[in-house]
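This report covers one helix contact and one set of paired strands. The sequence and the structure are shown below.

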Amino acid sequence: MKNDKTYHFECIKCGKCCSDKNTIVNLTYTDILRMEYEKKYTLSDFLNFVGFYMFEEDPTEQQLKQMVVPPIQTENGGAFLGLRKQEDGRCIFLNKHNKCKIYKARPSICRTFPFNFHSIADKSGKKKIDIHMRYTEKSLEYCPGISDNSPEIIAEPWLKDGQQAVKEILSEHVLIKKWNTAVKEGKITASAENYLRIILNMTDKQKEPSKKPVSETAKKSYQSRLKKKLQQQISEKKK
């Protein structure tokens, strides 16, 4: 992990990053599982606050790049998974005091704001991936917390969060590719509800609520268990 420059930032809880009508808070399956674990949300809950966003016309390469992950094939065509918004454009989880209702379980894109992270393969041939950070374009537009008067950040914890976010996005690419291929081949029903159901059904429900955070081991097992569940759904479809 590398930090090539210094950054100055301090969140002043203005809520601007959560109020942009034109910004979609993308969700990965890890985000969904985190929310399910921390908040005990059900499929019905997710259907109320998760949106499947679609472009009116086929998205350009630049738009696809901005969306970070590819579209998911649903009953209405390709769509991007994200949090719904209130009528005024504010995030559905932002209250009137500019506080997040699901702060502990917030999506990775929120955890890493105002930065985005990108990976660069190590040219030494050791298969290492360097994580680099920079301000997002949106944050430079409206975030007052980015200022020379703000304290200089300690880069290491941000880079660790960024590294985790990059891993989650890469895993999301793999899942969406498998899902879209299964839909194209007629092996699974293209449905927004079905997509969420598969993700939520992949973990065993705990008998009692737990206040413990998701362990690193559990996080790493998410992808393998989800792949297994997706394969089960495909197999059942064939019968």
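Contact here means heavy atoms within 4.5 Å. The model is a predicted one.

**Helix contact**

By that criterion, Y29, I32, L33 and E36 in helix α1 meet L196, I199 and L200 in helix α7. The residues of this contact divide into 6 nonpolar, no polar and 1 charged. Helix α1 spans residues 29-39 and helix α7 spans residues 192-201; their axes come within 10 Å and cross at roughly 60°. Angles from 65 to 115 degrees would count as roughly perpendicular and those under 35 degrees as roughly parallel; α1 and α7 are therefore oblique to each other. The crossing of α1 past α7 is right-handed.

**Strand pairing**

Strand β3 covers residues 77-83, and 5 of its 7 residues are buried, so β3 is largely enclosed by the rest of the structure. Buried means under 20% relative accessible area. Two strands that pair with β3 are listed here.

| Strand | Residues | Sense relative to β3 | Bridges to β3 |
|---|---|---|---|
| β1 | residues 50-53 | antiparallel | 4 bridges |
| β2 | residues 72-74 | antiparallel | 3 bridges |

In the pairing of β1 with β3, G51 stands opposite G82. On the β2 side, Q73 stands opposite G78 in β3. The connection from β2 to β3 is a hairpin through 2 residues. In a regular strand, side chains alternate between the two faces of the sheet.

Methods
Residues are numbered from 1 along each chain as its sequence is written. This is a predicted model: local features need pLDDT of at least 70, side-chain atom pairs count only at pLDDT 80 or more; totals for chains, interfaces and linings use all residues. Side-chain values use heavy atoms; hydrogens and water are left out. Axes are lines fitted to C-alpha atoms, for helices over the stretch in contact, and angles run from 0 to 180 degrees between N-to-C directions. Angles under 35 degrees count as roughly parallel, over 145 as roughly antiparallel, 65 to 115 as roughly perpendicular and the rest as oblique. A crossing is left-handed if the near helix is turned anticlockwise from the far one by less than a right angle, and right-handed if clockwise. Ala, Val, Leu, Ile, Met, Phe, Trp, Tyr, Cys and Pro count as nonpolar, Asp, Glu, Lys and Arg as charged, and the others, Gly among them, as polar. Buried means under 20% relative accessible area, exposed over 50%, partly exposed in between (1.4 Å probe, protein chains only). Two strands pair if DSSP finds at least two bridges between them.
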